[in-house]
Structures are given as structure tokens and as C-alpha cells.
Amino acid sequence: KAGAATDRYLVWNEDWKVEGDNTNHRIQVNDRGTELRLSLKSLKPPVLHGQNGLSQKGEGEGRASYYYPLTRMQTEGTIKLGGKQEKVRGLSWMDHEFGSNELREDQVGWDWFSIQLDNKTEIMLYLLRRKDGSIDPYSSGTLVAADGTTKHLALKEFNVEVLGRWKSPNSRADYPMKWKVVVPGEGIELEITPAFNDQELITNRSTRVTYWEGAVDIRGTARKDPVSGEGYVELTGYAGKLNM
């Protein structure tokens, strides 16, 4: 039902599959009458988060992951819903992270941001939250310039301020729901707003983890020039401690 080729880039799970090469990717999804066909081309090289791709998530051995994304992928294809087919196009972000995925006892979850700006800059940020409400100093980020060069961002080099909140009518979890993100050294100030609030996932039939992840709209300035963009935010641990 699922597998991966050993001689080429091909991974499948029943009627879902992804294949391609280092630059070009093809995605095929068939699920209960919904069909998705996408061709994606990476416009930038892979980004290594952390130190040479090793992203430390807390004090102590084993509290880390290997982590790289493709932050800007030109995407086009088709989606079929209810017998009606539409052409689609846009920009995608592919994340690949693997490791221990273990939170320390004093960590309760994380807030993760992926940001694509129209000046061809991308930003990844994550905040690891502690039980006492503080942010773990191992939280960090990466800025990807238009030419693909990268800069590691330590926690002291950026700030995330919560501007609003939303309480889920399903899980009763209280989530942050609007943010101001500032990277002073790069002259970046952004306001991040969810496309809509109710993007919570309650995965009782799969991973049994309740969390929020979804699309966001972005407006702000970069070195005083106006910028806009799109992004994705993941919020875990608000509906109870995350156990992976």
C-alpha cells in the first residue's frame, strides 16, 4: 500500500505519490473523488536550518533534528472537485524535518512560521514554549535572501508579538491568532493574519493530536519598502501537551 523506490525519487501511499528529481517534483493525489495533479519547480537551492542542517531544539543530546526546506517552488497543475476541474498555480514551500522529535519535560509545544514575501525573501521562525510561559533560548529561525543565500537567526535577532487570540469551539483551546514579526537587523516588520480562524486539526483517527495549522496573509515593510506575502503557521500544545 505504501513504499519508496531505492533507485529514484518516488514515494507513494496508496493513490498518493510524489516523484521527480532534485529540482522538479510531481505530486498526484486521488481521494474520494478529489484529484490533485501538481508540477513543482524549485526556484532556490535547499536551505539548511540550524548548523549545517542540524537544528537544536533544546538542551541536551538528542534534542535536535535534521531540517531543510525548499522555500520557493513554482507550482502549477489541476484540481478536480465534485467532477469539476480547475487549473491552479502558485508558490509552494516544502519542509523536510526528521529526528528525535522529543520535547523536553519543560517544553509544551511550538509556534512555527513560514513566510514567503513578494520581494523573493523567505523567513522561517519557530518558538519553543515552556511550561512557565517563557520561550526556550534554542528557538531560532532562518532568513533566505532573494539570491538564495541564508542567514541564521538566533532568538535575540527577532521578535514575535501576539496581537489577537481565538478560542476553538471544538477543542476549547485558546490559540494566538494574529502576530507582529520584527527582524530588526534586516529592517523587517510584518503583520501576519490568518486567512480564517478555524483551521484547527483534530486528528482522532490518525495521530490523535489536536493542533492549529493554516494559511496566513502577510503585510509589512522591508527596509521601509512595502512588502506583502503569504505563509503558513503551525501551533502545537495549546490543546494539551504534545506527545509524539
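**Exercise 1.** Are phenylalanine 113 and tryptophan 179 buried or exposed, and how do their rings meet?

*Solution.* Both phenylalanine 113 and tryptophan 179 are buried (under 20% relative accessible area with a 1.4 Å probe, protein chains only; exposed is over 50%, partly exposed in between). Bear in mind that this is a predicted model, where local features need pLDDT of at least 70, side-chain atom pairs count only at pLDDT 80 or more, and totals for chains, interfaces and linings use all residues. Residues are numbered from 1 along each chain as its sequence is written, and side-chain values use heavy atoms, leaving out hydrogens and water.

Next, take the rings: their centres are 5.4 Å apart with 85 degrees between the planes, an edge-to-face aromatic pair. (Rings of Phe, Tyr and Trp, the last by its six-membered ring, pair if their centres lie within 6.5 Å; planes under 30 degrees apart are stacked, over 60 edge-to-face, the rest tilted.)

**Exercise 2.** How is tryptophan 166 arranged with tyrosine 175?

*Solution.* Start with the geometry: the two rings are stacked, at 6.1 Å centre to centre and 20 degrees between the planes. Now check accessibility: tryptophan 166 and tyrosine 175 are buried. Finally, widen the view: Trp166, Tyr175 and Tyr238 make up one aromatic cluster.

**Exercise 3.** Which residue lies over the face of tyrosine 238?

*Solution.* Look above the ring: arginine 129 lies over its face, 3.7 Å from the ring centre. (The criterion is NZ of Lys or CZ of Arg within 6 Å of the ring centre and within 35 degrees of the ring normal.) Then turn to tyrosine 126, where lysine 57 lies over the face at 4.9 Å from the ring centre.
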